[in-house]
Amino acid sequence: MGEQEGWAEPSGPLPNGLLPGAGPVMRALEMDRWLKAEDRTAELIACIQPNPPSEERRNAVANYVQQAHHEMLFLSDEKKREQEETFELVKLKAKLSHCSSGRLSLVRVCTFGSVPLKTYLPDGDIDLTAFSHDQNLKDTWASQVRDMLESEEKNDSAEFHVKEVQYIQAEVKIIKCLVENIVVDISFNQVGGLCTLCFLDEVDNLINQNHLFKRSIILIKAWCYYESRILGAHHGLISTYALETLVLYIFHVYNNFFHGPLEVLYRFLEFFSNFDWDNFCVSLWGPVPISSLPDVTAEPPRKDSGELLLSKLFLDACSSVYAVFPGGHENNGQPFVSKHFNVIDPLRVNNNLGRSVSKGNFFRIRSAFAFGAKRLARLLDCTKENVIYEVNQFLHEYMGKARQRQSA
């Protein structure tokens, strides 16, 4: 059910995987009061969500970096002709509508993540990945791109201002820089990002409701980033893809039974502050007991017989169509490794999307969820005259960012 259909009752879904003794996680919401809060939340989302000027700016930066790749790898005229005769662009299972390639370029450069998904925050970065049929480039690509960007940084007449170029030799090699003060991350042959983009787009189309899923992602990302400071894999916090998977889990278990993004956020905080993280992994197929690993057989998402949003057929089909590796094979057959905050990748079940979260930050995240749920519950108890005030207080930092963007 969607934004204009019915209202959740306290006798609603009975989720599985909660802490022993956890109380009900489906507190009834008074419609008039909550719709007033949703209206105010919609105003705030409109102030911070992607708009034509921000999209134009990010697309211009992405196009600039893409074009710089092509120019960097253009060769002599004779060599160009040789490459034109022999080179075949890499064939991807994911859609390539966000990719750019020069006529004779050795690479195809694609945007993925929150920019093409249109769920980025004003402080959000731009993710690009370069694909090439020439595997020899794999060893030299990073240093070439770094040198190219450092040259642009010193070029006073460059079209865009580049600075703070870094080469990060992590699990996935990344070139990171600032272009027009927007963080740009460039990787090589990361098809998984494109597969994830296609999967989340398909889910958003399924949920519909004027992109309720994407609007909810924007709100929950903003709350995690601005209000609670718990978003950011590079800081040992929650990765964006892990957060998106958790949001989707709420839609899945509650079967799209929401009146707006604020209720999605409330159910998100209410549920995950009571989830038994010590004993279960989050999986769209249902909670997976940590004690059963490496077997990832899931328990049912709900204890009752209520209908879920995503059928097993849909999940299995997406896992096959958008699998990172042909035929759905996992990376070297490696098992899922549990850590402190365990979220199973819907497209690659041996991939722990929560692996970035450190032990200390896990307790910080769990406390933030509990505090957020308690704080947002004030909307249920305050006078109707104070509803807008409580929303503004709950999203205080968010509002500050919205005002800053409006004045920019």
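**Reading a predicted fold**

The protein has 14 helices and ten strands. The model is predicted.

User: How do I get a first overview? What share of the residues is buried?

Analyst: Buried residues make up 53% of the 408 residues in the protein. The accessible surface comes to about 18,700 Å². Carbon and sulfur atoms account for 49% of that surface.

User: What do the contacts say about sequence distance?

Analyst: Take contacts between residues at least 6 apart in sequence. Of these, 67% join residues at least 24 apart.

User: How do I read a single helix? What span does helix α1 reach?

Analyst: Compare its span with the one expected at 1.5 Å a residue. Helix α1 covers residues 31–48, which is 18 residues. From its first C-alpha to its last, α1 reaches 26 Å, close to the 26 Å expected.

User: Which residues of α1 are buried?

Analyst: Among them are Trp 34, Ala 37, Leu 44, Ile 45 and Ile 48. The buried residues of α1 also include Arg 33, Glu 38, Arg 40 and Thr 41. Cys 47 is on that list too.

User: How do I read a nonpolar core?

Analyst: In soluble globular proteins, nonpolar side chains tend to be buried together. Here the largest nonpolar core has 87 residues. Trp 223, Ile 238, Phe 268, Phe 272, Phe 341 and Phe 369 touch the most other members. Helix α8, residues 240–254, supplies the largest share of this core, with eleven residues. Apart from this core lies another, of 30 residues. Tyr 64, Tyr 120, Leu 128 and Phe 188 are among its members.

User: Take Phe 341. Which residues is Phe 341 in contact with, leaving aside its neighbours within four places in sequence?

Analyst: The list includes Ile 238, Leu 246, Trp 277, Val 357, Phe 362, Ile 365 and Phe 369. Asn 352, Gly 354 and Arg 355 are also in contact with Phe 341.

User: How do I read aromatic pairs? How many does the structure hold?

Analyst: Look at the distance between ring centres and the angle between planes. The structure holds 20 aromatic pairs. In one of them, the rings of Tyr 249 and Phe 271 have centres 5.7 Å apart. Their planes lie at 40°, so the pair is tilted. Tyr 249 is in helix α8 and Phe 271 is in helix α9, residues 261–272. The two are 22 residues apart, so the pair links distant parts of the chain. Both residues are buried.

User: Why is the pair of Tyr 249 and Phe 272 tilted?

Analyst: Its planes are at 50°, so the pair counts as tilted. The ring centres are 6.3 Å apart. This pair also links helix α8 to helix α9, across 23 residues. Tyr 249 has a relative accessible area of 0%, and so does Phe 272.

User: Which rings form a cluster through ring pairs?

Analyst: Tyr 249, Phe 268, Phe 271, Phe 272 and Phe 275 belong to the cluster, together with Trp 277, Phe 280, Phe 341 and Phe 369.

User: How many disulfides does the structure hold?

Analyst: Zero. Two cysteines can still be read for burial. Cys 177 is buried, at 2% relative accessible area. Cys 281 is buried as well, at 0%.

User: Where does Ala 368 lie, and is it buried or exposed?

Analyst: Ala 368 lies in helix α11, residues 359–376. Ala 368 is buried, because its relative accessible area is 12%, under the 20% cut-off. Leaving aside neighbours within four places in sequence, Ala 368 is in contact with Trp 223, Ser 228 and Ile 230. Ala 368 and Leu 269 are 99 residues apart in sequence. In space they are 8.7 Å apart, C-alpha to C-alpha.

Notes
Residues are numbered from 1 along each chain as its sequence is written. This is a predicted model: local features need pLDDT of at least 70, side-chain atom pairs count only at pLDDT 80 or more; totals for chains, interfaces and linings use all residues. Side-chain values use heavy atoms; hydrogens and water are left out. A disulfide is a pair of cysteine sulfur atoms within 2.5 Å. Buried means under 20% relative accessible area, exposed over 50%, partly exposed in between (1.4 Å probe, protein chains only). A nonpolar core is a set of buried Ala, Val, Leu, Ile, Met, Phe, Trp, Tyr and Cys residues joined through side-chain atoms within 4.5 Å. Helices (H or I, at least four residues) and strands (E, at least two) are DSSP runs, numbered from the N terminus. Contact means heavy atoms within 4.5 Å. Rings of Phe, Tyr and Trp (its six-membered ring) pair if their centres lie within 6.5 Å; planes under 30 degrees apart count as stacked, over 60 as edge-to-face and the rest as tilted. Accessible areas come from the Shrake-Rupley method with a 1.4 Å probe; for residues, only the protein chains shown count as cover. The expected span of a helix is 1.5 Å times one less than its number of residues.
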